[in-house]
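Colleague: I'd like a close look at one part of this model, please. Could you walk me through it as you would at the bench?

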Amino acid sequence: MAGRKQFDVDEALRRAMQVFWRWGYSEASVDRLTEGTGLGRSSLYGTFGDKSTLFRKSLQRYAQTYHPLYDQALSGPHSSPSAAVAAYLQVTLNRIADPTVPDGCLLTVSATQFPALDAEGRAMVRAMIDGLRAMLEQALLAAGADDQEAAELALCTLATNKSLAVLSRAGFSGEDLAIVAAAAAKNAKAPPNRPAEPSGPR
């Protein structure tokens, strides 16, 4: 039929998402996007709009794919803030270990290229990061942290999450990343700048 798409639009968007994920917005050239999606320029533009629009659609697709996994992991119940942090970071480790996707995190690489994004793209990246932070805070509160502890631990866990993505792109092993995640979960027992109580006689 005239006008009917001769390709799978959702699959093309998934492939575009991986191009942005692998290369970042700045290096995701139109040539790389056409090669990655298998579409010609006219089909790419006609279906998804310009590069900035395609990036935002790819970012939305990424969030729809992975953020529910964090939500599920944090839904608990968790016996402690440490358990909630461990569950959250395990989702990150699982994604990094997936050989079918690029290293790192699309949201993280996009945050490192903030100046290259348009205002709408920057707002979307920040809103998604803030959403993850809020998700963490609620889970930590439910796990027994007070308001200040939950806010501090959510920020530190989010920072650990992003550092895992960066380290994975630099070639650090899964074992190294697991050590970082385990240390972050262990430290969640004592909020930042608040030393834990001694566990026994000195």
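In which crossing, left-handed or right-handed, does helix 4 pass helix 5?

Modeller: Happy to. This is a predicted model, where local features need pLDDT of at least 70 and side-chain atom pairs count only at pLDDT 80 or more, while totals for chains, interfaces and linings use all residues. Residues are numbered from 1 along each chain as its sequence is written, and side-chain values use heavy atoms, with hydrogens and water left out.

Helix 4 passes helix 5 in a right-handed crossing (left-handed if the near helix is turned anticlockwise from the far one by less than a right angle, right-handed if clockwise). Helices here are DSSP runs of H or I with at least four residues, strands are E runs of at least two, and both are numbered from the N terminus. Helix 4 covers residues 51-74 and helix 5 residues 81-97; they pack at an angle of about 145°, with their axes 8 Å apart. The axes are lines fitted to C-alpha atoms over the stretch in contact, and angles run from 0 to 180 degrees between N-to-C directions.

Now the residues that meet. Helix 4 brings Tyr-62, Tyr-66, Leu-69, Tyr-70, Ala-73 and Leu-74, and helix 5 brings Ala-84, Ala-87, Tyr-88, Val-91, Thr-92 and Arg-95; contact means heavy atoms within 4.5 Å. By class, this contact between helix 4 and helix 5 has 10 nonpolar, 1 polar and 1 charged residues (Ala, Val, Leu, Ile, Met, Phe, Trp, Tyr, Cys and Pro count as nonpolar, Asp, Glu, Lys and Arg as charged, and the others, Gly among them, as polar).

Tyr-88 is worth following further. Leaving aside residues up to four places away in sequence, Tyr-88 touches Tyr-70 and Leu-74, and also Leu-132, Leu-136, Thr-157, Leu-158 and Asn-161. Tyr-88 and Tyr-62 are also among the residues with the most contacts inside the largest nonpolar core, which has 57 residues. Such a core is a set of buried Ala, Val, Leu, Ile, Met, Phe, Trp, Tyr and Cys residues joined through side-chain atoms within 4.5 Å. Helix 4 gives the most to this core, with 9 residues.

Elsewhere in helix 4 you will find Ser-58. Ser-58 is buried, with a relative accessible area of 0% (buried means under 20%, exposed over 50%, partly exposed in between, with a 1.4 Å probe and protein chains only). Beyond residues up to four places away in sequence, Ser-58 touches Leu-13, Ala-16, Met-17, Phe-20 and Leu-106.
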